[in-house]
Amino acid sequence: MINYIEKNKIFVLETNNTHYVFGIDKTGYNRHIHWGGKCSIKDYEFTDINGENSNNSMLDEYRQEITPFGSTMYRECDIKAKFADGCREISMHFENYSINGNTLCVNFKDDFYPLWITLNYEVYEDYDIIKRYVTLKNTGNDNIVFDRIFSAEFSLPSVEPYTFKNTNGAWGGEFLQTETVLDGGSLVYESRRGASNHNQSPYFIAHRNADENSGEVYFASLAYSGNFKVSASRDNYSVTRISIGMNDFDFSHTLTPDETFDTPPVYCGRANGFGEMSRNMNRFCVDVLMPKQFNDKPLPVLYNSWEATGFDVNSAHQTELAKIAAEMGVELFVMDDGWFGKRNNDCAGLGDWFVNPEKFPNGLDELIENVNALGMDFGIWVEPEMVNPDSDLYRSHPDWAYHYDHRNADELRNQLVLNMTRADVQEYIFNCLDELLKNHNIKYIKWDMNRPFSQTGAENLDDPQMYSYLHTMAVYSIVDRLKERYPHVQFESCASGGGRCDLGAISHYDQVWTSDNTDGIDRMTIQKGYSLLHPIKTMRAWVTDIEGINKPCSLDFRFNIAMQGALGIGGNLIKYSAEDLEICKRNTAFYKSIRNTVQFGDLYRILDIEKDEVLCNEYVSADKNKSVIFIAANGTRFYKKKFNLHFAGLDMKKTYSFALDGTEYKKGGAYLMNVGIPIYVRGVDYNRAIVLMSVDEK
Ligand code: DGJ
């Protein structure tokens with residue numbers, strides 16, 4: 001709900017549990033007032049946000065929704081431009097606003113130049129989430145050149161220093177959490193690699209001693225897969241501000257006469273503890289943000305051939321794997337890299353999205369029909385944004401890759417990035433994928449992207465430094481167009497593992513590949529990091545043959561961990577013993593019986609593998625009639641892990657039945673949450689999954 005207090009020009013954005021408040025002062029500046037707990041809306045009428053003066057720059061002290069560059073403002077700004085006559089100062093003042101249901105647009109105009117700046121808000125009350133973005137409009141006859149356009153600025157309520165959580169990952173170790181106390185100066189999380197990358201995440205999570213269940217947590221996540229920047233600072237007056245948006249590193253955008261530009265959106269919220277933050281964002285993403293074709297459908301159990309076959313794919317071998325996968329209960333068989341062009345290793349073939357006739361002399365349909373006959377859907381791997389110099393595509397269109405004529409084009413993994421900002425490149429990619437989907441019964445596309453960009457900003461762009469934005473939008477648009485034409489096809493975003501897993505990707509793809517690291521032990525940490533601000537359902541997690549180096553980690557253990565997302569299997573099934581196959585079959589059947597609870601339920605992170613030596617995650621269905629608890633540990637010390645496990649998220653008034661280690665339980669929700677049941681976690685390979693069913697509802 002959006003309230004406007006006319007008298008003081010104050011906007012109160014209200015969600016179920018929060019108020020987000022800002023206003024317009026007497027000079028027409030935008031002024032942030034409050035973000036946090038609710039109070040009587042009437043009281044905001046008396047909030048004084050005007051009339052300060054001093055020998056200091058008051059502008060510098062303001063808390064604002066958006067800060068333009070210029071005047072006596074020296075802190076981080078959000079919008080910076082150069083007008084045609086060389087003026088580099090924006091002087092924006094309030095003009096008017098419009099409220100349409102839960103959407104608010106507040107319009108500002110430059111005092112002299114023909115520039116309009118609109119702050120857009122959308123309130124999702126039930127999720128305690130607010131969407132924000134900025135619109136720029138050039139109403140004049142001259143270009144306006146921007147070298148920074150962030151999506152939003154936030155100010156946090158407390159004067160005490162906040163701790164910022166983000167991730168500091170890399171290939172094979174994505175979503176590893178970091179915490180930094182920001183007591184002065186600035187802190188930046190960013191990507192400069194062209195895509196959102198493995199290293200840091202395009203969000204902030206700010207808190208003061210919060211834990212899973214308590215403490216105010218403020219967060220905002222940018223839905224954008226290009227270069228991003230999250231810049232937080234705490235000033236001399238102890239105000240913590242954060243700006244978030246497209247990275248201004250290597251950025252420039254020319255707003256031509258009559259042009260309008262919308263920034264990527266940011267989704268923000270305030271929650272009580274990290275658990276509530278994750279649950280709110282999870283629900284919001286599943287219900288609102290994710291593509292509508294599959295958001296409310298359980299994702300299938302898939303098999304992926306990459307780890308079993310590498311580039312060495314052919315119809316007979318894949319069919320052999322498919323037969324075993326089908327017996328295990330797999331629903332979707334995905335053939336990974338190696339099926340096209342001259343793709344025998346990573347040195348050739350990218351760009352030639354045509355079936356390799358030596359590997360598939362009878363075409364692709366032979367394999368697809370085999371897979372379908374086994375009762376499974378068929379999916380396929382592509383890496384559309386890339387080209388190997390050793391490919392027919394590159395030989396015919398060397399200029400299609402990002403390059404500078406007089407510089408060496410840097411190859412990484414023997415490949416170059418295609419200049420997706422070109423319309424002809426976009427059409428080529430769209431047509432290749434369109435042909436693939438038109439001519440074959442393919443139900444799943446794994447869209448990979450295996451290197452960061454270089455030699456960018458090619459000759460076709462007026463604004464070469466917009467390449468990251470334009471490339472990202474081109475990817476989204478091709479995926480959207482294909483989804484429209486082939487609504488039955490699911491898309492997965494992969495980028496050398498989890499290099500493109502942001503909320504922008506999640507708004508267009510149905511799932512993501514979280515990491516190439518499928519070690520059950522490492523995955524506990526990676527998946528926890530992912531679960532903070534990403535929907536669980538999107539997290540593809542495979543069981544493979546990586547047993548862990550010096551870390552015994554049985555097949556059951558690996559299933560126990562992989563089942564906490566969208567389960568996949570990726571091992572070399574041909575080598576599996578009869579006993580292994582039975583384990584796979586049993587776990588796959590079990591997963592199917594609980595996947596709705598995992599994929600659509602609420603996650604409670606009860607115990608933390610790093611802090612507590614034991615991982616315990618509980619997923620509770622929306623109606624609280626079913627719950628699944630996964631417990632795992634890789635060895636505990638000093639015989640200390642004998643404790644009462646307190647469940648979470650259950651209905652206090654319902655009675656639940658379940659079994660653990662041969663004991664049958666029938667207990668009330670209140671008992672399970674307040675008293676708990678005894679657990680003794682021991683051994684290096686401890687893993688349990690407990691299913692609670694409410695017995696009252698039957
Ligand atoms: C990187 C991905 O993360 C892997 O899963 C696999 O698809 C390879 N690329 C294939 O080249």
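Where is Ser233 placed? I looked it up before anything else, and I found Ser233 in strand β16. Note to self: this is a predicted model.

**Ser233 and Ser225**

Is Ser233 buried or exposed? I get 18% relative accessibility for Ser233, and the cut-off for buried is under 20%, so Ser233 counts as buried. I then listed what Ser233 touches, skipping neighbours within four places in sequence. The list reads Leu182, Gly185, Ser186, Val239, Thr240 and Arg241.

Next I went to Ser225, which sits in the loop between β15 (216-222) and β16 (228-234). Ser225 has a relative accessibility of 2%, so I put it down as buried. What does Ser225 touch, not counting residues up to four places away in sequence? I noted Gly194, Ala195 and Ser196, then Thr472 and Tyr476, and finally Arg500, Asp502, Gly504 and Ala505. I also checked Ser225 against Trp35: they are 190 residues apart in sequence, and their C-alpha atoms are 27 Å apart in space.

**Domains**

I wrote down the division of the protein: domain 1 covers 2-289, domain 2 covers 294-487 and domain 3 covers 609-694. How many Å separate the centres of domain 1 and domain 3? Taken over C-alpha atoms, I have 40 Å.

**Helix α4**

I took α4 (residues 315-328) next. It has 14 residues, and from its first C-alpha to its last it reaches 20 Å, close to the 20 Å expected at 1.5 Å a residue. Which residues of α4 are buried? My list has Ser315, Gln318, Thr319, Leu321, Ala322, Ile324, Ala325 and Met328. These buried residues pack against strands β21 (302-304), β22 (332-335) and β30 (566-569), and against helices α3 (306-309), α5 (365-373) and α12.

I then looked at α4 with α12 (residues 578-600): the axes are 8 Å apart and the packing angle is about 50°. That makes the pair oblique. On the α4 side I see Ile324, Glu327 and Met328 making the contact, and on the α12 side Leu581, Cys584, Lys585 and Thr588. By type, the residues of this contact are 4 nonpolar, 1 polar and 2 charged. Ile324 and Met328 turn up twice in my notes, as buried residues of α4 and as part of the contact with α12.

**Helix α7**

I turned to α7 (residues 423-439), which has 17 residues. I get 24 Å from its first C-alpha to its last, close to the 24 Å expected at 1.5 Å a residue. The buried residues of α7 are Val425, Tyr428, Ile429, Phe430, Cys432, Leu433, Asp434, Leu436 and Leu437. What covers them? I found that the cover includes β23 (377-382), α6 (392-396), β26 (444-447) and α8 (467-485).

**Helix α10 and its partners**

I followed α10 (residues 520-533) to α11 (residues 555-562), with axes 9 Å apart and an angle of about 10°. Angles under 35 degrees count as roughly parallel, and α10 and α11 are therefore roughly parallel to each other. From α10, I have Gly520, Ile521, Arg523, Met524 and Gln527 in the contact; from α11, Phe557, Arg558, Ile561 and Ala562. I sorted the residues of this contact into 5 nonpolar, 2 polar and 2 charged.

How do α10 and α2 (residues 273-289) cross? I have their axes coming within 6 Å and crossing at roughly 70°, which makes α2 roughly perpendicular to α10. Met277, Ser278 and Met281 of α2 meet Ser531, Leu532 and Leu533 of α10. I count 4 nonpolar, 2 polar and no charged residues in the contact of α2 with α10.

**Positive phi**

Last, I checked two residues other than glycine that have positive phi. For Ser71, phi is near 60°. I place Ser71 in the loop between α1 (58-61) and β5 (79-82). Its relative accessibility is 43%, so I call Ser71 partly exposed. For Asp661, phi is about 50°, again positive although the residue is not a glycine. I find Asp661 in the loop between β35 (655-660) and β36 (663-668).

Methods
Residues are numbered from 1 along each chain as its sequence is written. This is a predicted model: local features need pLDDT of at least 70, side-chain atom pairs count only at pLDDT 80 or more; totals for chains, interfaces and linings use all residues. Side-chain values use heavy atoms; hydrogens and water are left out. Axes are lines fitted to C-alpha atoms, for helices over the stretch in contact, and angles run from 0 to 180 degrees between N-to-C directions. Helices (H or I, at least four residues) and strands (E, at least two) are DSSP runs, numbered from the N terminus. Angles under 35 degrees count as roughly parallel, over 145 as roughly antiparallel, 65 to 115 as roughly perpendicular and the rest as oblique. Contact means heavy atoms within 4.5 Å. Ala, Val, Leu, Ile, Met, Phe, Trp, Tyr, Cys and Pro count as nonpolar, Asp, Glu, Lys and Arg as charged, and the others, Gly among them, as polar. Domain bounds come from an automatic or database domain assignment. The expected span of a helix is 1.5 Å times one less than its number of residues. Buried means under 20% relative accessible area, exposed over 50%, partly exposed in between (1.4 Å probe, protein chains only).
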